[in-house]
Number of protein chains: 2
Amino acid sequence: MPDKKAPTDHPVHPLIEARWSPYVFADRPVPEADLCSLFEAARWAASSYNEQPWGYIVAAKGNPAQYEALLSCLAEGNRLWAKTAPVLVLSVVNLKFARNGKENRAAMHDMGLAAGNLVFEASARGLSVHQMIGILPDRAKEIYAIPEDLEAYTGLAIGYPGDAAGLPDALKERNGKPRQRKPLRDFVCGGKWGDPSPWVLKKFASE
Amino acid sequence: MPDKKAPTDHPVHPLIEARWSPYVFADRPVPEADLCSLFEAARWAASSYNEQPWGYIVAAKGNPAQYEALLSCLAEGNRLWAKTAPVLVLSVVNLKFARNGKENRAAMHDMGLAAGNLVFEASARGLSVHQMIGILPDRAKEIYAIPEDLEAYTGLAIGYPGDAAGLPDALKERNGKPRQRKPLRDFVCGGKWGDPSPWVLKKFASE
C-alpha cells in the first residue's frame, strides 16, 4: 500500500489520519456483520430535527445481477476503478421533511454527516471507502423506483485497499499520490472572513 | 450527565455510540490546541475534486465582542441554549469550484463530511458539539463580509457537556431525552427502493 497517512499540522485521531480513497480494492468480500455496523454508524449521525434524510442501496459482488445494476448507475470514469470494490452503494437523500413535505435545507449536509460516520466505522474495521459524486441519478431513479422527493446523490465503493500494480498508469498515479489540503489559516477565521484566527498560527507544546 | 449512549442494533465504534448534542455546556474553556485539532480533523475530510469547500468562523468566550457577534448570527431559539457554549462556530460553504466558478453539487454534502470529522475529533477529546441549521446567513454575510459565492450554512456550539439542572423545563427534557433512530431495515435497501437488504434483518454471532 502507498503511504497515505495525512501529514497533519496538529494531532488528530489515528483513524482520521489514516483514511483515504483508494482506486483499487482487494478481491475479498466484506462480511455482512461489518456492513451492518457501517450502516449502523451512519444511522446514529446527527440530523436537523432528527429527520435522518439518508437512505442506501447496497450491492455486493456475491449477487452479480444486483452488483452490475448498481455499477451501471456510476459515471463511466468511476466504473473503471469502482468495479474492483466488493461492495457498491448509492446514497439516497430525501430533500423534504417526511412529516410535512417542506424543503429540508440541511438534507445534503446531514447526508454528509451520515457518510462521515460510515467512513469512520469502515476505517475502524480496516475497510476503505471511496465516495463519488459522479453517478447517474436518473438511471438510479428508474432502476430502483426511487420516489419523487428522493434523489440518488453519491456512490460509495467499499472494500479492503488493493494492489495498484495492475492499474492503468493514470489511476496508479492518483492512487499513490500524497494527500494534500489547504492549511488551517486559509479556512479558519476570526473577526472577518479571510482573517485567520490567531491560534491557528500557533504551534502547541503538546505536538 | 444523562445516559445518552446510542442503543445500537449492531456494534459501532465507542466514539460514534457516545456522541450526542447537548443543550447545555460547562463553564470551562476549550484549549486552543484542542480547537486546532478539531479543525485539523475537518481539514482531512474527503471532498469532490479535493475542493475542500468548507470554511469556519470561530468565536470563544474569552473574546466577548467576537462571541456576541457570532451568537447574534444564530436563530433566536438556538441562542437560548447555545450561549452556554465556550466556543461558537459558523460553518461557511463555497457553492462553486474555486478553480472555474462552476456549481459544486457536492459542496453541502462535503461540508457535512468535514463536520463529521470535526465532531468525531471532539468526541475523542471529551468535547461535545451541537450543530444547528437555524442560523441567520444574511446577518453573518454582513458582519463577516462573506464573499458572494459563499454562504454561512450551519452553527456549531462546542464545549464540555454541562449540568442541565438550571435549564428551562423544555430544554431539560430535550437534553435528557433518549436518542432514537429509524431501524436499518427502513433505509438500507437491496433490489428496489424500500426493499430491505436481507442481511440487515439478521443477527450476527459476534454481537
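User: At what angle to S4(B) does helix H6 (residues 137–144) of chain B run?
Analyst: In this predicted model, H6 of chain B lies across S1, S2 and S4 of chain B. Helices (H or I, at least four residues) and strands (E, at least two) are DSSP runs, numbered from the N terminus. Axes are lines fitted to C-alpha atoms, for helices over the stretch in contact (C-beta atoms, placed from the backbone, within 7 Å), and angles run from 0 to 180 degrees between N-to-C directions. By that reckoning, H6(B) runs to S4(B) at about 95 degrees.

User: What pLDDT do local features need here?
Analyst: Residues are numbered from 1 along each chain as its sequence is written, while chains are lettered from A and ligands numbered from 1 in the order in which they are written. In the predicted model, totals for chains, interfaces and linings use all residues and side-chain atom pairs count only at pLDDT 80 or more, whereas local features need a pLDDT of at least 70.

User: What pLDDT does chain A average?
Analyst: pLDDT is the predictor's confidence in each residue, from 0 to 100. For the complex, the predictor gives an ipTM of 0.96 and a pTM of 0.96. In chain A, 99% of the residues score at least 70, and the average is 95.

User: Which strands stand at the edges of the sheet that holds S1(B)?
Analyst: Five strands make an open, mixed sheet in the order S5(A)-S1(B)-S2(B)-S4(B)-S3(B); strands pair if DSSP finds at least two bridges between them. Two of these strands have a single partner strand each, so one side of each is left without a neighbour in the sheet: strand S5 (188–189) of chain A and strand S3 (128–132) of chain B.

User: What angle does helix H3 (residues 64–71) of chain B make with S1(B)?
Analyst: Inside the sheet, S2(B) and S4(B) are antiparallel over 8 bridges, with B:Val89 opposite B:Leu156. H3(B) packs on this sheet and touches S1 and S2 of chain B. Its direction and that of S1(B) make about 125 degrees.

User: How many residues of S4 (residues 150–159) of chain A are buried?
Analyst: S4(A) pairs antiparallel with S2(A) over 8 bridges, and 5 antiparallel bridges join S4(A) to S3(A). A:Val87 stands opposite A:Ile158, and A:Gln131 opposite A:Leu156. Buried means 20 or more other C-beta atoms within 10 Å of a residue's own (exposed is 12 or fewer, partly exposed in between; C-beta atoms are placed from the backbone). S4(A) is mostly covered, the buried count being 8 of its 10 residues.

User: Which element gives the most to the side of chain B that touches chain A?
Analyst: 66 residues of chain B are in contact with 66 residues of chain A. Elements giving two or more residues to chain B's side include H2, S1 and S4 of chain B. With 12 residues, the top contributor is H5(B).

User: Which residue is the bridge partner of A:Tyr56 in S5(B)?
Analyst: The chains also meet through strands: S1 (residues 54–60) of chain A and S5(B) pair in the parallel sense over 2 bridges. There, the partner of A:Tyr56 is B:Val188.

User: What percentage of the contact residues of chain B recur in chain A?
Analyst: Superposed by least squares on C-alpha atoms of residues with pLDDT of at least 70 in both copies, chain B lands on chain A with an RMSD of 0.0 Å after a turn of 180 degrees and a shift of 0.0 Å along the axis. The copies are therefore related as by a two-fold rotation axis. The same surface serves both, and the share that recurs is 100%.

Note on methods:
Contact = placed C-beta atoms within 7 Å.
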